[in-house]
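Please open the structure in your viewer and keep the sequence panel beside it. The tour below goes from one selection to the next and says what is found at each stop.

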Amino acid sequence: MPSHAMDPGVDPAHPTAAESVTITVDGVAQGGIDGQTIAGILLAAGRGAWRRTSGAERPRGVFCGIGVCFDCIATVNGVRDVRLCQRRAADGDVVETQHDALPVRVDTARTGGGDA
Ligand code: FES
């Protein structure tokens, strides 16, 4: 049973009543509770991945969960590369998943470019 669905009366931590928050993720409303990270809301909703790697298109979500790996990044309220495992959800947050193509590599030996 996910912790957000546990009856507070039987929870051994004896939590107080939780306030709810609603965020949108790629235009879809998603509910959570005050104090959850955005990644926590997504995980509680059963979503394990929300971006793909640039090279191999592999799914990524939470890996470290402590703000080190940057696997969980997304755009929040227009700010890119936000680590969702570190960002506490606020009511009304707008989250957009990110996918960045690999940068185009320019062969400077062929083009004659270089340090200028
Ligand atoms: S999961 Fe590693 S920084 Fe968020």
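Begin with the hairpin of β5 and β6, where 2 residues lie between the strands and where Asn-77 takes a positive phi near 50 degrees. Bear in mind from the outset that this is a predicted model.

Now select residues 73-76, which form strand β5, together with residues 79-83, which form strand β6, and you will have two strands that pair in the antiparallel sense over 3 bridges. Within this pair, Val-76 stands opposite Val-79 of β6, while Ala-74 has Val-82 as its bridge partner in β6.

Keep β5 selected and add residues 94-96, strand β7, which pairs with β5 in the antiparallel sense over 2 bridges. Here the residue to pick out is Thr-75, which stands opposite Glu-96 in β7.

Next, widen the selection to the open sheet of 5 strands, whose order is β2-β1-β7-β5-β6 and whose pairing is mixed. At its edges stand β2 (28-33) and β6, and because each has a single partner strand, one side of each is left without a neighbour in the sheet. Going from one strand to the next, the twist averages 40 degrees.

Which residues have the most contacts inside the largest nonpolar core? Select Ile-23, Ile-38, Ala-39, Leu-42 and Leu-84 to display them, bearing in mind that the core as a whole has 17 residues. Two or more residues are given to this core by each of β1 (20-25), α1 (38-44) and β5, and the largest share, 4 residues, comes from α1. Stay for a moment on Ala-39, which, if residues up to four places away in sequence are not counted, touches Val-62, Cys-72, Leu-84 and Cys-85.

Zoom out to the whole chain, whose secondary structure comes to 2 helices and 7 strands, with the elements running β-β-α-β-β-β-β-β-α from the N terminus on. Of its 116 residues, 21% count as buried, and among the contacts with a separation of 6 or more, 39% are accounted for by residues 24 or more positions apart.

Finally, colour the chain by pLDDT, which averages 88, with 90% of the residues scoring at least 70. Among the elements, β7 has the highest mean pLDDT, 98, whereas helix α2 (residues 108-111) has the lowest, 70. Where pLDDT is low, the predicted coordinates should not be read in detail.

How values were computed. Residues numbered from 1 in each chain as written. Predicted model: local features only at pLDDT ≥ 70, side-chain atom pairs only at ≥ 80, totals over all residues. Pairing = 2+ DSSP bridges. Buried ≥ 20, exposed ≤ 12 C-beta atoms within 10 Å, placed from the backbone. Contact = placed C-beta atoms within 7 Å. Core = buried A, V, L, I, M, F, W, Y, C linked by C-beta atoms within 7 Å. pLDDT = per-residue confidence, 0-100. Axes fitted to C-alpha atoms, helices over the stretch in contact; angles between N-to-C directions.
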